[in-house]
Amino acid sequence: MNFALRTMRGLLGLFVDDGTLALTLIAVIVVVGVLVHLGAIKGVLAMVLLLAGTIGALLINVTRAASSKNPG
Amino acid sequence: MIGWIHASSTIASAFLASSVEAVEALTVVLAVSVVRGWRSALLGTAAAFCLLIALVAIFGRALGQVPIALLQLVVGTLLLLFGMRWLRKAMLRSVGVIHLHDEAAIYERQIHALLSDDTGARKALPTGWDPIAIATAFKAVTLEGVEVIIIVIALGAVQGSLVPASLGALAACLLVIAAGVILHQPLSRVPENSLKFIVGILMSAFGLFWFGQGIGLAWPYHDGAVLGLMAILAAASWMGIRIAKRIRARHNDAALRGEIA
């Protein structure tokens, strides 16, 4: 049981280290995915939004961690 | 040309990512074998390999049944989360916000844990097969091995690149095992942070590419777009490190002035 829990935690940890970054990334891709699905955006604009959103999420997270006392 | 770009970047990504995981597993197996004997450590490792082969056989078949668009969406999302996680960690380590990964220190901690009980007293070591050694090696190889499998599947499943991805991972594992057998010590000189930085960029680029394809975006230059995404991510990460270093330095200066005052 303990091993199964540790394995599951290890697997989750493979994708999620900082919960805020993971949630922001998921929010970005869900928003872009929904907008593309609805036809509100398409082509290059969707690509730019996807790329800018994910890179922006990463950079904001890293700079916040750099300025915080306890980055986690 | 496009096939070559895809295959070579898949092999490189699988090789680099798997080598990081293999180094981590090797550290634990080496510690177990030095403290409690090679036989039990190897038995635990072999048992873990059998379980991993069974997992590959089961999930490899199951993947063939999943529709390609769904596979692209799921794999793209997982690769993006995985890649960004490693990229964030590598960036924060470069900035000095978190400590560098130290295999030598992990090795020492593992040896101490295997030699001492909860009270810190020295454990009596069994003479025959050692269940603790078998379990410790098994757990380490299974955990890191599952991560390697996920990396290979994520990189190779979507466009039928499972063979190049598997070759990259296999080469990494063989190289790390050979280095461990020759050196008999943890591979603390592997530039893990640089590897994580590169792998983070590669995985994130693949993740964005697959997710985009999954929602119906047609990337310019087809698979060649992955290279463009890698370049953009590398430039943005480099810029992010510079900005974060400046913020960190200002933060440290302010803290120092506060202490002096």
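**View 1. Contacts between distant parts of the sequence in chain B of the predicted model.** Among the contacts in chain B whose partners have a separation of 6 or more, 87% join residues that are 24 or more positions apart. Of the 261 residues in this chain, 48% are buried.

**View 2. The helices of chain B.** The secondary structure of chain B consists of eight helices and zero strands, and when the elements are read from the N terminus on, their order is α-α-α-α-α-α-α-α.

**View 3. The largest nonpolar core.** This core holds 92 residues, and the members that touch the most other members are B:V29, B:A137 and B:A205. Helix 1 of chain B, which spans residues 2-36, gives the most to the core, with 16 residues.

**View 4. The surroundings of B:A205.** When residues up to four places away in sequence are not counted, B:A205 touches B:V226, B:L229, B:M230 and B:L233. B:A205 is also one of the three residues named above for touching the most other members of the largest nonpolar core.

**View 5. The side of chain B that touches chain A.** Here 36 residues of chain B are in contact with 31 residues of chain A. Helix 3 (68-95), helix 5 (131-156), helix 7 (192-214) and helix 8 (225-260) of chain B each supply at least two residues of this side, and the largest share, 13 residues, comes from helix 3 of chain B. By residue class, the side of chain B that touches chain A comprises 25 nonpolar, five polar and six charged residues.

Definitions and conventions
Residues are numbered from 1 along each chain as its sequence is written. Chains are lettered from A and ligands numbered from 1 in the order in which they are written. This is a predicted model: local features need pLDDT of at least 70, side-chain atom pairs count only at pLDDT 80 or more; totals for chains, interfaces and linings use all residues. Helices (H or I, at least four residues) and strands (E, at least two) are DSSP runs, numbered from the N terminus. A residue is buried if 20 or more other C-beta atoms lie within 10 Å of its own, exposed if 12 or fewer, and partly exposed in between; C-beta atoms are placed from the backbone. Two residues are in contact if their C-beta atoms, placed from the backbone, lie within 7 Å. A nonpolar core is a set of buried Ala, Val, Leu, Ile, Met, Phe, Trp, Tyr and Cys residues joined through C-beta atoms within 7 Å. Ala, Val, Leu, Ile, Met, Phe, Trp, Tyr, Cys and Pro count as nonpolar, Asp, Glu, Lys and Arg as charged, and the others, Gly among them, as polar.
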